[in-house]
Structures are given as structure tokens and as C-alpha cells.
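Dear colleague,

Please find the structure and its sequence below. I should be grateful if you would read the notes that follow with the model open beside you.

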Amino acid sequence: MLTFAAAVSVILAIEGGYANHPADGPTKYGISAKALPTLNVRKLSIKQAIKIYREKYWYPCKVDKVPNIIKLSYFDSCVNKGVWASMKLLASVVGGNQNTMFEKLAEMDEKVLADTFYKKRLSFYKSLPTWHIFSDSWKYRLEKTRG
């Protein structure tokens, strides 16, 4: 069973340290100044980043309720796309809504679930106007977190 500690270590390795891309703005350890405008991301410690990942993404997305095969991919989606968008995406995969999706997950074949979630994430990224800028990093993170 994938734990928060194991999942966050993968995400931190993918995200890296401080960056300030013109199309993305300041980020550190994957924590974006856009997502948390009152936070000085340049001064963010790794310990603070881990706390943010747990409190702002892991718990609100209810990552512990998804099958292990997509746990890392779903957590990564929550981090990269946001809580609401990721829950909506997962609900679209299982054919439910945010209130019923966790029960419906148990009814799905795990391989089909993992493949469908992967394809939906890829399709989402390709639909973004910044695909041409970030496609390599998004494809990398999809492969590193694929179920």
C-alpha cells in the first residue's frame, strides 16, 4: 500500500527545487505561488512543502480512498491540476460524481482504471494552451506516476 511519505517523495523528486518559469510563475518543490499567493515560495522549506502536500492535496482529495494502482497518479494529479479538477477527472473515469466515485472505484477493473485515468490525464494536458511549453515535463510526470 502506497503511503503518503512514499508518494510525496516521488512528487518532490519530480518537482525539484525553486523555479520561476514565465508561463508558470514561481514554484518551489512543486508548490506554486499562484496556488498559494500569500506564501513566499522562495523561502519554503521542504518540511513546509510536505505539510502543504498533506493538508492541501492528500487529505482533501481523499487519496487513501483510491485503489493503490492509481494512488500515486491521482495524488500527482491533485498536486498538478488541483483538488477539484482531479476529483472531477476521477469521477469522469468511474462514471459517477464526487459523492459516489469512491464506491464506484471498487467496481472497476484496476488495469482499466489505471489506463483510463492515464489517458484522461494526458488528454487534459494536451488540451491546455501551454502544452507546447510543458509537454515534456508533463509526459515525464505521467510516466513516473503511472499505475
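The notes below deal with the nonpolar cores, one helix, one loop residue and the largest pocket.

This is a predicted model, in which local features need pLDDT of at least 70 and side-chain atom pairs count only at pLDDT 80 or more, while totals for chains, interfaces and linings use all residues. Residues are numbered from 1 along each chain as its sequence is written, and side-chain values use heavy atoms, with hydrogens and water left out.

A nonpolar core is taken here as a set of buried Ala, Val, Leu, Ile, Met, Phe, Trp, Tyr and Cys residues joined through side-chain atoms within 4.5 Å; buried means under 20% relative accessible area, with a 1.4 Å probe and protein chains only. The largest such core has 38 residues, and those touching the most other members are Ile 31, Tyr 53, Tyr 74, Phe 75, Leu 90, Met 101 and Leu 105. Helices H1 (4-15), H2 (46-58), H3 (68-81), H4 (83-94), H5 (101-105) and H6 (110-127) each give two or more residues to this core; helices (H or I, at least four residues) and strands (E, at least two) are DSSP runs numbered from the N terminus. A separate core of seven residues includes Leu 122, Tyr 125, Trp 138 and Leu 142.

Helix H6 has 18 residues. Its buried residues are Leu 113, Ala 114, Asp 115, Phe 117, Tyr 118, Arg 121, Leu 122 and Tyr 125, and their cover includes H3, H4, H5 and helix H7 (131-145).

Tyr 29 lies in the loop between strands E2 and E3 and is buried, with a relative accessible area of 17%. Leaving aside neighbours within four places in sequence, Tyr 29 is in contact (heavy atoms within 4.5 Å) with nine residues' worth of surroundings that include Leu 12, Glu 15, Ala 49 and Tyr 53. The C-alpha atoms of Tyr 29 and Ala 49 are separated by 6.7 Å, although these residues are 20 apart along the chain.The largest pocket has a volume of about 800 Å³, the volume being the space filled by probe spheres set on grid points joined across faces, edges and corners. A pocket is an open set of points on a 1 Å grid over the protein atoms alone, where a 1.4 Å probe fits, with protein on both sides within 12 Å along at least five of seven lines; lining residues have an atom within 4 Å of a point. Of its 30 lining residues, Glu 15, Asp 24, Thr 27, Asn 80 and Trp 138 lie nearest the centre. The largest share of the lining, five residues, comes from H7.

Yours sincerely

Terms used:
Buried means under 20% relative accessible area, exposed over 50%, partly exposed in between (1.4 Å probe, protein chains only). The expected span of a helix is 1.5 Å times one less than its number of residues.
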